[in-house]
Amino acid sequence: MTTRPRLVRTRTELADALGALGGARALVMTMGALHEGHLQLVREARALADHVVVSIFVNPTQFAPGEDFDAYPRTLDADMEALAGVGADLVWAPGPADVYPAPVRATIDPGPVARVLEGASRPTHFAGVALVCTKVVNLVRPDVALYGLKDAQQLAVLRTVFEGLDVPVRLHPVPIVRDHDGVALSSRNRYLAADERARARALPEALSLAVAAARGGAGAALAVEAARERIEAEGGIAIDYIAVVDDGTFDVLAGTGSAAPQVAANPGPATIVEGGLRACRVLVAARVGGTRLIDNMELPLVCEEAGA
């Protein structure tokens, strides 16, 4: 038996619906166009709390002029069908005036973590993400908020903002969900033509080669090079950046691409995990045809070679 969650639109409706929910509350924030990756967030949220709230809102403050805000898919009816039976109790699908009832004057600067990689390519993006996530968390008041690791930098930004502002919520990362061919699930995958979708497989394959190189003792720069060679051999893919970052500080250790990230001049302390390895992540952003895709994987580096 499937149960559709309750749908509310306004702040008042949200507050009334939340008042009827007792116990621990989990939040899953989305921009809609839901796929299996989003649904996995909801399933994990159900395991962590008594009730699950899903927000569906295409946030204008995280889109710069000329980006795909107007073209971003809005599929609320299909999203509600997808959410039936996976554990969501409540869906808040506000309009812009409900989230931003007054002109936006207050902003949030997440700091250096928001100025590299995606932040360098999209300079206003993470300020908009930080603002909307802080607002929605304050309105929903969840005990835990779940975010997918496909947007690893977003998670690092929110961790920085929520800890810095003492926002009382626990962040829970959820691993990337991949299709049968290894491509990370994304709402933007629907824009790929058949031949472009085939080429997109080079992205996870390139990241896997970087991880294999690191496990073989290669440093950050050689891991990046292994990924670059695979993507360039595929052809038809324009690399925005490939980078290795420390998974705790998000300091850039090595990078390449048309928007090559600047290596951190004064990096913070290395994030060391079991076995004395440095916990890192290799990330890629690239255009396959006209579609910009991002992906990443965990990458363990031998600590003394982390800056190689």
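Contact here means heavy atoms within 4.5 Å, and angles between axes run from 0 to 180 degrees between N-to-C directions. With that in hand, helix α3 can be placed in this predicted model: α3 lies across β1, β3 and β4, running at about 160° to β3.

The strands just named belong to an open sheet of six strands, in which the order is β1-β4-β3-β2-β5-β6 and the pairing is parallel. At its edges stand β1 (6–8) and β6 (170–174); each has a single partner strand, so one side of each is left without a neighbour in the sheet. On average, neighbouring strands of this sheet are turned by 25° against each other, direction ignored. Within the sheet, β2 and β3 run parallel and are joined by six bridges. One residue pair helps to fix the register here: Leu27 has Val53 in β3 as its bridge partner. Helix α2 also packs on this sheet, where it touches β2, β3, β5 and β6, and its direction makes about 155° with that of β5.

Helix α2 deserves a further look, as it spans residues 36–48 and contains His38. UniProt, in an unreviewed entry, lists His38 under "active site". Is this residue buried or exposed? The relative accessible area of His38 is 14%, and because buried means under 20%, His38 counts as buried. Leaving aside residues up to four places away in sequence, His38 touches Thr30, Gly32, Ala33 and Ser187.

The same kind of record supplies two further positions of interest. In the unreviewed UniProt entry, the annotation "binding site" covers Gln62 and Gln154. These positions are spread over 93 residues of sequence, yet they cluster in space, with a largest C-alpha distance of 11.5 Å. Gln62 is found in the loop between β3 (51–56) and α3 (76–83). Despite this loop setting, Gln62 is buried, its relative accessible area being 9%. The contacts of Gln62, not counting residues up to four places away in sequence, are Met31, Glu67, Arg122, His125, Gly128, Val129 and Val132.

At the level of the whole chain, the protein is divided into domain 1 (6–174) and domain 2 (189–302). A distance of 26 Å separates the C-alpha centres of domain 1 and domain 2. Their contact takes 16 residues from domain 1 and 16 residues from domain 2.

A second open sheet has four strands in the order β8-β7-β9-β10, with antiparallel pairing. Here the edges are held by β8 (252–256) and β10 (291–302), each with a single partner strand, so one side of each is left without a neighbour in the sheet. Neighbouring strands of this sheet are turned by 15° against each other on average, again with direction ignored.

Strand β9 offers a good route into the details of this sheet. Nine bridges join β9 (residues 277–288) to β7 (residues 237–246), and the two run antiparallel. Two pairs illustrate the match: in β9, Val284 is the bridge partner of Ile242, and Arg287 is that of Ala238. Towards β10, strand β9 pairs in the antiparallel sense over twelve bridges, and in β10 the bridge partner of Arg281 is Glu298. β9 and β10 form a hairpin with two residues between them, and Gly289 in the turn has a positive phi of about 65°. How much of β9 is covered? Ten of its twelve residues are buried, so the strand is mostly covered, given that buried means under 20% relative accessible area. Helix α9 (residues 202–215) lies across β7, β9 and β10, and runs at about 10° to β10.

Finally, the nonpolar interior can be described. The largest nonpolar core has 46 residues, of which Tyr147 and Phe162 touch the most other members. At least two residues of this core come from each of α1 (11–19), β2 (25–30), β4 (90–92), α6 (125–140), β5 (144–148), α7 (152–164), β7 and β9. The most is given by α6, with nine residues. Domain 1 and domain 2 both give residues to this core, so it lies between them. Phe162 touches Cys133, Thr134, Val137, Tyr147, Val167, Val169 and Leu171, not counting residues up to four places away in sequence. Apart from this core lies another, of 30 residues, including Leu192, Leu207, Ala210 and Leu299.

Technical notes
Residues are numbered from 1 along each chain as its sequence is written. This is a predicted model: local features need pLDDT of at least 70, side-chain atom pairs count only at pLDDT 80 or more; totals for chains, interfaces and linings use all residues. Side-chain values use heavy atoms; hydrogens and water are left out. UniProt positions are given in the numbering used here, feature names are shortened, and annotations may be inferred rather than shown by experiment. Buried means under 20% relative accessible area, exposed over 50%, partly exposed in between (1.4 Å probe, protein chains only). Two strands pair if DSSP finds at least two bridges between them. A nonpolar core is a set of buried Ala, Val, Leu, Ile, Met, Phe, Trp, Tyr and Cys residues joined through side-chain atoms within 4.5 Å. Domain bounds come from an automatic or database domain assignment.
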